Amino acid sequence: MDLFYRNQKRLIYLLREKKNIYKKNGLMLFFFCLLLFPALYASAEPSVEYESNVNWKSMELEIAVDVRYPPDSAKLRMRNDSENIFDEKFFDIFTSSISESSAGKVYFNSTYTMEDMIQKNPAILNKIESIKNNAVMVYNVYHEDMSGVKMLYRINILRDIASCFISHRKPYPVHEKYLWVPNEKYTGVVIYAKGDFPVRGESAVSPLKPSVFPSVYSAGMEKILSAELVDPEVLVRWGTAGFTDIDDDPVIRERAGDNPLYTMAEEIFGRNRTDIIVPSDTSDLLFYRRLNEDLVREGRFVIIADLP
């Protein structure tokens, strides 16, 4: 009988231990699943790649976004989900894109890049929501194999970004010329600046680098065109000067009119190689008795240059 009770107690003990083992194993399995689930979820996240480019003719930042999805993703939701991903990641995408495009750094003027300007004026980041809302989606299409979505967005650099850096309320006066020259009333100024040019103050040559607000100087370093000489509303509309790489581009007539003054770059200037030096007589022809100063206030300059 004692042996029976001893065996009974042993059996109860073993059953209890087995039950505890099941509990422990169950808990271990539960926690293992908790640890495994985020990893599985992370592996199912879509991959996002993007590339930016500046269209200097339209002064727009173009951002191409490529979103790839796992094979078991719902195809019909991809386009909508991709737009949501762009919205969620917009801050990182924008700050990276405006700092450096596929062609290199994005220049604001001869001294600063766009990245420099944002670092100097971090308040612009308070406008990030407005910039995102103003971004224009050009297309949102599936890849041919339905593995993801390609999107293209455009952001107006002058209206949405550079406008934050304009501090003057009215244009500064141009330098009046009193030495008589046989000048006339022009409708604009066209500057041919293709090729390589000597860099003022350096023993180097370089092509002109396009920028948001380029400046123009005479050979005597008299300022002919710069942002502070242009009406602020004009700067937001189309900047200090328009860019083209086509000699007979319709934008020349649109911006510089039917009777523009044609001139050529002699040198380039500035740390960023973005400013142009033209012959001194260009300044004389434009500013004798301020006959053509309105061309500066209205930014009626077109630069023909090699564009990236």
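Start with Thr 244: its bridge partner in strand 16 is Ile 304. This is a predicted model, where local features need pLDDT of at least 70, side-chain atom pairs count only at pLDDT 80 or more, and totals for chains, interfaces and linings use all residues. Residues are numbered from 1 along each chain as its sequence is written, and side-chain values use heavy atoms, with hydrogens and water left out.

Now the strands around that bridge. Strand 12 and strand 16, residues 301-305, run parallel and share three bridges. Two strands count as paired if DSSP finds at least two bridges between them. Strands are DSSP runs of E, at least two residues; helices are H or I, at least four; both are numbered from the N terminus.

Next, the sheet. It is open, with four strands in the order 12-16-7-13, paired in parallel. Strand 12 (242-244) and strand 13 (260-264) each have a single partner strand, so one side of each lacks a neighbour in the sheet. The twist averages 20° from one strand to the next.

What lies across strand 7, strand 13 and strand 16? Helix 9, residues 280-287. Helix 9 runs at about 165° to strand 13. Axes here are lines fitted to C-alpha atoms, for helices over the stretch in contact (heavy atoms within 4.5 Å). Angles run from 0 to 180 degrees between N-to-C directions.

Finally, the whole chain. The protein chain has ten helices and 16 strands. Of its 308 residues, 43% are buried, meaning under 20% relative accessible area with a 1.4 Å probe, protein chains only. Among contacts with a separation of 6 or more, 73% join residues 24 or more positions apart.

Definitions and conventions. Buried means under 20% relative accessible area, exposed over 50%, partly exposed in between (1.4 Å probe, protein chains only).
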